[in-house]
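Visitor: Can you walk me through this one? I'd like to go residue by residue where we can.

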Amino acid sequence: RVVQRQSCFELYGFDVLIDSELQPWLLEVNLSPACEVRAPWMTKMVERMASRLLDIVLDGNAEPDGLEPDWLRLECQDKGTASGR
């Protein structure tokens with residue numbers, strides 16, 4: 001049984017496939033996604049992710065800042081459900 005602690009957070013990585021009809025398909029969710037840069041375009045994405053993560057964790061600032069891409073914060077309502085905020 002995993003116990004959720006108030007002062008902890010987790011970072012998940014979502015792998016999504018976009019089909020020819022532009023429909024997203026969730027392939028998998030990674031509990032500990034790799035954050036090393038494997039392609040030049042990933043540099044900006046990983047830096048943005050790290051910056052927003054610190055905004056949320058250290059400052060409590062989960063509101064969108066107007067820059068893209070941005071985060072969607074999920075909060076557990078009760079066992080087994082989550083809501084976007």
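Visitor: Is Leu26 buried or exposed?

Guide: Leu26 counts as exposed, because its relative accessibility is 55%. The cut-offs are under 20% relative accessible area for buried and over 50% for exposed, with partly exposed in between (1.4 Å probe, protein chains only). One caution: this is a predicted model, where local features need pLDDT of at least 70 and side-chain atom pairs count only at pLDDT 80 or more, while totals for chains, interfaces and linings use all residues. Residues are numbered from 1 along each chain as its sequence is written, and side-chain values use heavy atoms, leaving out hydrogens and water.

Visitor: Where is Leu26 found?

Guide: Leu26 is in strand E2. Helices (H or I, at least four residues) and strands (E, at least two) are DSSP runs, numbered from the N terminus.

Visitor: And what makes up the nonpolar surface patch?

Guide: Tyr12, Phe14, Val16, Ile18, Leu22, Leu26, Val29 and Leu31 make it, about 830 Å² in all. Patch residues have over 30% relative accessible area and no salt bridge; like charges are joined within 9 Å, and nonpolar side chains (Val, Leu, Ile, Met, Phe, Trp, Tyr) within 5 Å. The areas come from the Shrake-Rupley method with a 1.4 Å probe, and for residues only the protein chains shown count as cover. Strands E1 (13-18) and E2 (24-30) each supply at least two of the patch residues, and E1 gives the largest share, 3 residues.

Visitor: What about Leu22, anything odd there?

Guide: Its phi is positive, near 60°, in a residue other than glycine. Most residues other than glycine have a negative phi. Leu22 is in the loop between E1 and E2, and counts as exposed because its relative accessibility is 67%.

Visitor: Switching topic: how many helices and strands are there?

Guide: The protein has 1 helix and 4 strands, running β-β-α-β-β from the N terminus on.

Visitor: Which residues of H1 are buried?

Guide: Met42, Val46, Arg48, Arg52 and Leu53. They sit on the same side of H1, because they cover an arc of only 160° around the axis (taken from the directions from the helix axis to the C-beta atoms). Turned away from that buried side is a face with the exposed residues Lys44, Glu47, Leu58 and Asp59.

Visitor: Two arginines in there! What are they linked to?

Guide: Arg48, Arg52, Asp55 and Asp65 form a network of salt bridges, a salt bridge being a side-chain nitrogen of Lys or Arg within 4 Å of a carboxyl oxygen of Asp or Glu. Between Asp65 and Arg48, the closest N and O atoms are 2.8 Å apart. That pair links distant parts of the chain, 17 residues apart: Asp65 is in the loop between H1 and strand E3 (74-76), and Arg48 is in helix H1. Arg48 is buried at 13% relative accessibility, whereas Asp65 is partly exposed at 34%.

Visitor: And how do Asp55 and Arg52 meet?

Guide: Their side chains meet in a salt bridge of 3.3 Å, N to O. They are about one helical turn apart, because 3 residues separate them in helix H1. Arg52 is buried at 0% relative accessibility, while Asp55 is partly exposed at 22%.

Visitor: How many salt bridges does the structure hold?

Guide: It holds 4. Another one joins Glu36 and Arg38, with closest N and O atoms 3.4 Å apart. Glu36 is partly exposed at 47%, and Arg38 is exposed at 56%.
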